[in-house]
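Let's take a friendly walk through a protein chain together. Have the sequence and the 3D view at hand, and rotate the view as you read.

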Amino acid sequence: MSSADDPEIDYPDNPVLGAEIASAAEENDAERAETLIRANDFIVLQQIDLETGEVEIDEDENFSVVLAEVDDDLAVVCFTSYAAVESFMEMICEEVTDGKRLPAVVMEGDQLLDGLPTGIGLLVNPTSDQECYFSPCCFEFSEESNEDDEGSIFPDP
């Protein structure tokens, strides 16, 4: 996992991937979407404490990620390109974070999917024309990675 604070980060920039994932979502092809996600890197935003500006960290040293509410469910927000992140930040920065920029990290697709807690969906490229949503439990996970959320990299909401 990489942090946006490091200028050496090579953020994924794959607009074709965003279109392919959106197409799989539109076709209700969760298997294809999962394959695409697992084979690529994504950008997630870290949640900050608005008073201190520091990244929120839980007692297990996991950082909090930005979640969005979609159809009464919570979903981890992720992006296939830094351009999509920038567009999202322009739209939400003033109203949600009081103008503060959110730090971004690069995460492997396997890590992203395997770390999703039970009951949390995935929102890909929000506010873009490639926006798509995968509801909680959309992807099949192995018993090992889903057992009581052990190994989840995301703290419970």
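We start with a term that we will need for a pair of helices: a crossing of two helices is called left-handed if the near helix is turned anticlockwise from the far one by less than a right angle, and right-handed if the turn is clockwise. Keep in mind, too, that what you are looking at is a predicted model.

Now for the overall plan. The chain contains 5 helices and 7 strands. Reading from the N terminus, you meet them in the order β-α-α-β-β-β-α-β-α-β-β-α. Of the 157 residues in the chain, 45% are buried. The accessible surface adds up to about 8,600 Å², and carbon and sulfur atoms hold 42% of that area. How much of the contact in the chain, counted at a separation of 6 or more, joins residues 24 or more positions apart? The share is 70% of those contacts.

Next, find helix 1, residues 15–26, and helix 2, residues 30–38. Their axes come within 8 Å and cross at roughly 155°. An angle over 145 degrees counts as roughly antiparallel, so helix 1 and helix 2 are roughly antiparallel to each other. Here our opening term comes in, as helix 1 passes helix 2 in a left-handed crossing. Which residues of the two helices make the contact? Helix 1 brings Leu17, Glu20, Ile21, Ser23 and Ala24, while helix 2 brings Arg32, Ala33, Leu36 and Ile37. Sorted by class, this contact has 6 nonpolar, 1 polar and 2 charged residues.

Let's turn to the loops. Serine 81 sits in the loop between strand 4 (73–79) and helix 3 (82–97). Is serine 81 buried or exposed? Its relative accessible area is 8%, and since buried means under 20%, serine 81 is buried. If you set aside the neighbours within four places in sequence, serine 81 is in contact with Pro12, Asp13, Asn14, Ile43 and Asn125.

Another loop, the one between strand 2 (41–45) and strand 3 (67–70), holds isoleucine 48. Isoleucine 48 has a relative accessibility of 4%, so by the cut-off we used for serine 81 it counts as buried. Look also for serine 64: it is 16 residues from isoleucine 48 in sequence, and the two C-alpha atoms are 7.9 Å apart in space.

Methods:
Residues are numbered from 1 along each chain as its sequence is written. This is a predicted model: local features need pLDDT of at least 70, side-chain atom pairs count only at pLDDT 80 or more; totals for chains, interfaces and linings use all residues. Side-chain values use heavy atoms; hydrogens and water are left out. Helices (H or I, at least four residues) and strands (E, at least two) are DSSP runs, numbered from the N terminus. Buried means under 20% relative accessible area, exposed over 50%, partly exposed in between (1.4 Å probe, protein chains only). Contact means heavy atoms within 4.5 Å. Accessible areas come from the Shrake-Rupley method with a 1.4 Å probe; for residues, only the protein chains shown count as cover. Axes are lines fitted to C-alpha atoms, for helices over the stretch in contact, and angles run from 0 to 180 degrees between N-to-C directions. Angles under 35 degrees count as roughly parallel, over 145 as roughly antiparallel, 65 to 115 as roughly perpendicular and the rest as oblique. Ala, Val, Leu, Ile, Met, Phe, Trp, Tyr, Cys and Pro count as nonpolar, Asp, Glu, Lys and Arg as charged, and the others, Gly among them, as polar.
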